[in-house]
Amino acid sequence: MSTSAVMRTEDLWKIYRTGTAETPALRGVDLEIEEREFTATAGPSGSGKSTLLHLLGGLDRPTGGEIYLDGQPMSDLSKDKLAQLRLTRIGFVFQAYNLLPVLTVLENTAFVLELQGVPYRERLRRARAILAELGVEKYADQFPNRLSGGEQQRVAVARAVVSDPAIVLADEPTANLDTKTSLDLIDLMRRMNEEHNTTFLFATHDMRLLDRVDRVIYLEDGRIARDERVR
Amino acid sequence: MKVALRYLVRNRRRTLLTLLAVLIPVYFLVFMFGFANANLRDMFETATRFDTGHAQIRAVPTKATGAAIPLMRDPSDALAALAEVKGIEWRTVRLDLPALASVGDRSRAVHVQGVVPEEIGPVSALADRIIAGSSLTAGEGGVLVGEELAHLLGVEVGDEVVLLGAHPETALGAIREPVIGVYRAPEATLGRTVVYADLATARQLARSEVAATAIVIRVAGVASPRDQTTLNRVVRELRAALPAGYEVKDWTELVPMVATYMGILTPALAIVAGIFFALGGLVVLNTIYLSVLERTRELGLILSLGASRGRVVKMILAEAGVLAVVGALGGALTGVALILVVEAFGGIPLWGAAAEFMREMGMSSVLHLSADPGQVALAAGAMAAVAVLAAWWPARRASRLEPMEAMRYVD
Ligand SMILES: Nc1ncnc2c1ncn2[C@@H]1O[C@H](COP(=O)(O)OP(=O)(O)OP(=O)(O)O)[C@@H](O)[C@H]1O
Ligand SMILES: [Mg+2]
């Protein structure tokens, strides 16, 4: 067992039950994500990418197996503890609806810090700094609906990294973006990864994004089909 | 808090609706309580001022008394005992006798009320109610009749009335007295039956120099039914001080109808208030629930990011709290303002049958309003509390959403 693994899974299973139907979404996934890794998970639709990210992010509970974050098993945690863990240790970028429409870009970015109880001035300072790094500081006082999709996703990345999480999980962050904007967003995440040593794991359909990552985990039918180090 | 305010601004129409749901009940309650307060005070004043007083010392009735008020043959011992009790603002001795009033071939059963004119002056409106002739003067004869009785007997000021005493505990007395004045009674039955005379005149009818039926008292610091505890304390002391053969009756026993009405009014107001609160609460619950539903996805995001359930509850309660406080304050202010405006114009005068009814009941035909700060605060505070409580259930539901399911929610 590597000591530098941020996240590790052991025989991870997820079976969705809807009525009488059972859908096995993950079927025994063993995985280690190293610190500072920039990893993509790819695979056909329905292969279990989103399910894996949700389980890793503590947004849902596995049917079987275990997830370790910083060596600590997550299945022991209560719902409230899990929420606390998401707040302090994990950054999220979703495919869409990442931002609260009633808060400005700056307030959205500072929101997790506010939830963490970071003092007002301090959290605004940190939020402003990260927005500047991502080149969206000029939108700081705008409301999200005034921004383009790509700009909104940049703000979402800013919000995900601002609290220095152990890992940022991004589920198809570029799904709604055109190719150029998608590549820009991945480059931006890559920069955050390099400059802040933030660990990233994102799911994607888009094969063109894969030459920018350290490692690609291919999922098929809820299993890891291939796990390739690109660089 | 910032998030809460932003959401309130985002959906202004719903915010306004919720605000009104809190404001309107408070507004109406303040107005209704204001009316009830003034009404109660008016009734209490009418009941206790005109004849009854806050309480009366009377003789304990015997078998011979029948329907009349028992006779105190010599109340000097009771008066001596009364002088020792603190807190008595005023007292007067009265002799109330059932009698027959005759003029020519017309006669009516009446009550002759012997009073000390210079004593009743400050607390009885009798002198102000004279509509013809003059009021009583101590030591001088003559009687005052109500306008109804004057009409029934066909007498005017200056005519003579024959009165036949009919108290079962006294020897029969008969007097002939001139009508020196006609008064307008607050209540028609009184005007038909009560004949006022100087105490000395009435005593002739009872054929006694010292007899009385009541020592009427008013207690210092008693101005409305809410001062009943003060009254009760003084009455208790008085009972202990009086010699045997006397009893003390307070206004609730002397005019039980008024006391009963007041007793009904309070729970009735409470029920109306409860209905208002419930309706306001339901509207708040509904609007907050809708607003929670509408932003399910946003709540999902907030929960995904790791907000605690308590935090989400607080966020929604903060919204409701702002609405509750602003709405309740608004309701209280507009309600009190309305009362002040109405009073500045001298109250709401009734007309026609309603005015007549109020007069029959012995009350003023002008409706007055009076705001009681305690009640206004209670109405506003209770409604605000109900509103926040009503928001609690949707808030709790919001906090228990499954983050991922909530984020998938489409509206
Ligand atoms: N909430 C759910 N309830 C029931 N079944 C689900 C649920 N979420 C996912 N599934 C099923 O689990 C399987 C894996 O889904 P998942 O969303 O993880 O795949 P994915 O790789 O993210 O697919 P896509 O590329 O389309 O996003 C699919 O068969 C899907 O239908
Ligand atoms: Mg997916």
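This passage describes salt bridges, buried elements, domain layout and backbone geometry in a predicted model. Local features were considered at pLDDT of at least 70 and side-chain atom pairs at pLDDT 80 or more, whereas totals for chains, interfaces and linings use all residues. Residues are numbered from 1 along each chain as its sequence is written, chains are lettered from A in the order in which they are written, and side-chain values use heavy atoms, with hydrogens and water left out.

The domain assignment, which is automatic or taken from a database, divides chain B into domain 1 (2-45 + 259-407) and domain 2 (93-209). Taken over C-alpha atoms, the centres of these two domains of chain B are 53 Å apart. Two residue pairs illustrate separations along this chain. B:Ala380 is found in helix H14 (residues 373-399) of chain B; helices (H or I, at least four residues) and strands (E, at least two) are DSSP runs numbered from the N terminus. With a relative accessible area of 13%, B:Ala380 is buried, where buried denotes under 20% relative accessible area, exposed over 50%, and partly exposed the range in between (1.4 Å probe, protein chains only). The C-alpha atom of B:Ala380 is 17 Å from that of B:Asn37, and 343 residues separate the two along the chain. B:Asn232, in helix H8 of chain B, is partly exposed at 29% relative accessibility. From B:Asn232 to B:Arg58 the C-alpha separation is 17 Å, with their positions 174 residues apart in sequence.

Helix H11 (residues 296-304) of chain B is mostly covered, nine of its nine residues being buried. Among them are the charged residues B:Arg297 and B:Glu298, together with B:Leu299, B:Leu301, B:Ile302 and B:Leu303. Just after this helix, B:Gly306 takes a positive phi of about 110°. A further buried residue is B:Asp198, located in strand E8 (residues 194-198) of chain B. B:Asp198 has no salt bridge, and the nearest side chain of opposite charge, that of B:Arg203, is 8.5 Å away; in this count Lys and Arg are positive and Asp and Glu negative, with His and the chain ends not counted. A polar atom of the B:Asp198 side chain does, however, lie 3.1 Å from the backbone nitrogen of B:Gly139.

At the surface of chain B, the residues B:Leu16, B:Leu20, B:Ile24 and B:Phe28 form a nonpolar patch of about 340 Å². Patches comprise residues with over 30% relative accessible area and no salt bridge, with like charges joined within 9 Å and nonpolar side chains (Val, Leu, Ile, Met, Phe, Trp, Tyr) within 5 Å. Accessible areas come from the Shrake-Rupley method with a 1.4 Å probe, and for residues only the protein chains shown count as cover. One of the patch residues, B:Leu16, is placed in helix H2 (residues 12-52) of chain B.

Over all chains, the structure holds 29 salt bridges, each defined by a side-chain nitrogen of Lys or Arg within 4 Å of a carboxyl oxygen of Asp or Glu. In chain A, the side chains of A:Asp70 and A:Arg89 form one such bridge at 2.6 Å, N to O. A:Asp70 lies in the loop between strand E4 (64-69) and strand E5 (72-73) and A:Arg89 in helix H2 (residues 79-89) of chain A, so the pair ties together parts 19 residues apart in sequence. Both count as partly exposed, A:Asp70 at 40% relative accessibility and A:Arg89 at 27%. A network of salt bridges also links A:Glu37, A:Arg215, A:Asp227 and A:Arg229.

In chain B, a salt bridge joins B:Arg233 and B:Glu237 (3.9 Å, N to O). These residues are four apart in helix H8 (residues 228-241), a separation of about one helical turn. B:Arg233 is partly exposed at 42% relative accessibility, as is B:Glu237 at 38%. A salt bridge is also formed by B:Glu253 and B:Arg239 (3.9 Å, N to O). B:Glu253 lies in helix H9 (residues 251-254) and B:Arg239 in helix H8 of chain B, so this pair ties together parts 14 residues apart in sequence.

Most residues other than glycine have a negative phi. In chain A, A:Arg36 has a positive phi of about 70° although not a glycine. A:Arg36 lies in the loop between strand E2 (21-34) and strand E3 (38-42) and is partly exposed at 48% relative accessibility. A:Asn197 likewise has a positive phi, near 55°. This residue occupies the loop between helix H6 (179-196) and strand E8 (199-204) of chain A, with a relative accessible area of 42%.

Terms used
Polar contact = N/O pair within 3.5 Å; in protein donor to acceptor, adjacent residues only side chain to side chain.
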